[in-house]
Amino acid sequence: MRSLVDQLSRLTNARSVEELWKLHTEQMENYGFDRLMYGYTRYRTSSSLGDPQDWVLLSSQTPEYMKVFFDEGYYYHAPMLKWALANDGACSWRWMMDMGRIDNLTPSELRVMEFNRKMKVTAGYTVSFRSISERTKAAIALTARPGITQDTVEQTWAKHGDEIIVMNNVMHLKLLTLPYTGERHLTKRQREVLQWVGDGKTTQDIAVLLELTPATVEKHLRLAREALDVETTAQAVLKAAFYNQMFVMDVEP
């Protein structure tokens, strides 16, 4: 197991989302958490978490679990997700198992808990990250290995909880600085024309700078809007900036 300082150094120097996630999942597994699920949205409203294709979603859960949990909408009724949306900090899954609380769960919430039991997702902690905007929210579920009880998790948390929270916070903050594409992929040329728009250049300016025709520039802007699923070029620039896809540096490994 890496020390706290060593792990934080590795996390803060990660050059890609993939590298960051690998470092984090390996370290959390050392504490007994072998299945992690992280989600982040910038498009939260009072009634929605936004388009799932716009979420940053990272997971080391099984494909079987993810297919049901997301494709069948179980996440919408997950008790710990509801807690995370209303709170900041860390919460033991014992909160979900409290008998008084179970008696007040809806049939949909009970179905999620039964599915979790079936998939051996029965012990762990959820960390909800502090938001600086009402439109954003991020959280991570730390699921303990099958066979580990919640009592054992509590013992681990009593000993290492503070450092686990710090590592998760740093992972989350670092992730916000890294380019993320998800389902929204821009080509190099699409990104290039958006960058010039972000610099205040007109279509005619961009055509001259890139030695293209204005019609070709317009084509790339249209394709960029389609790739990012937005209606205007201004929205495309904003969304690309949100996901750190603007002015990306090609860094050698």
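1. Let's start with the aromatic cluster. In this predicted model, ring pairs join Trp55, Tyr65, Phe69, Phe70, Tyr74, Tyr75 and Phe115 into a cluster. The structure holds 10 aromatic pairs. When you look at such a pair, keep two things in mind: a pair of aromatic rings is described by the distance of the centres and the angle of the planes.

2. Try Trp55 and Tyr75 as your first example. Their rings form an edge-to-face pair, with 5.3 Å centre to centre and 85 degrees between the planes. Where do the two residues of this pair sit in the chain? Trp55 belongs to the loop between strand 1 and strand 2 (56-59), while Tyr75 belongs to the loop between helix 3 and helix 4. The two are 20 residues apart, and the pair links distant parts of the chain. Both Trp55 and Tyr75 are buried.

3. Now turn to Tyr65 and Phe115, which form a stacked pair: the centres are 5.1 Å apart and the planes make an angle of 25 degrees. Tyr65 is part of helix 3 and Phe115 is part of helix 7 (residues 107-118), so this pair ties together parts that are 50 residues apart in sequence. Are these two residues buried or exposed? Tyr65 and Phe115 are both buried.

4. One more ring deserves a look. Tyr74, a member of the cluster, has the charged end of Arg111 sitting over its ring, 5.4 Å from the ring centre.

5. Next, the empty spaces. The structure holds 3 cavities of 30 Å³ or more, and the largest cavity contains about 520 Å³ of space. Its lining is made up of 30 residues, and Met37, Phe69, Leu81, Ala139 and Ala141 are the closest to its centre. You have already met Phe69 as part of the aromatic cluster.

6. Which elements give two or more residues to this lining? They are strand 1 (33-41), helix 3 (63-71), helix 4 (79-86) and strand 5 (137-144). Strand 5 gives the most to the lining of the largest cavity, with 6 residues. Sorted by class, the lining has 23 nonpolar, 6 polar and 1 charged residues.

7. Finally, pick out Thr143, which lies in strand 5. Why does Thr143 count as buried? Its relative accessibility is 3%, and buried means under 20%. Leaving aside residues up to four places away in sequence, Thr143 touches Gly32, Phe33, Asp34, Arg35, Gln61, Trp93, Val121 and Ala123.

Methods:
Residues are numbered from 1 along each chain as its sequence is written. This is a predicted model: local features need pLDDT of at least 70, side-chain atom pairs count only at pLDDT 80 or more; totals for chains, interfaces and linings use all residues. Side-chain values use heavy atoms; hydrogens and water are left out. On a 1 Å grid over the protein atoms alone, a cavity is a set of points where a 1.4 Å probe fits but cannot get out, and a pocket is an open set with protein on both sides within 12 Å along at least five of seven lines; lining residues have an atom within 4 Å of a point. Grid points are joined across faces, edges and corners, and a volume is the space filled by probe spheres set on the points. Helices (H or I, at least four residues) and strands (E, at least two) are DSSP runs, numbered from the N terminus. Ala, Val, Leu, Ile, Met, Phe, Trp, Tyr, Cys and Pro count as nonpolar, Asp, Glu, Lys and Arg as charged, and the others, Gly among them, as polar. Rings of Phe, Tyr and Trp (its six-membered ring) pair if their centres lie within 6.5 Å; planes under 30 degrees apart count as stacked, over 60 as edge-to-face and the rest as tilted. Buried means under 20% relative accessible area, exposed over 50%, partly exposed in between (1.4 Å probe, protein chains only). A charge sits over a ring if NZ of Lys or CZ of Arg is within 6 Å of the ring centre and within 35 degrees of the ring normal. Contact means heavy atoms within 4.5 Å.
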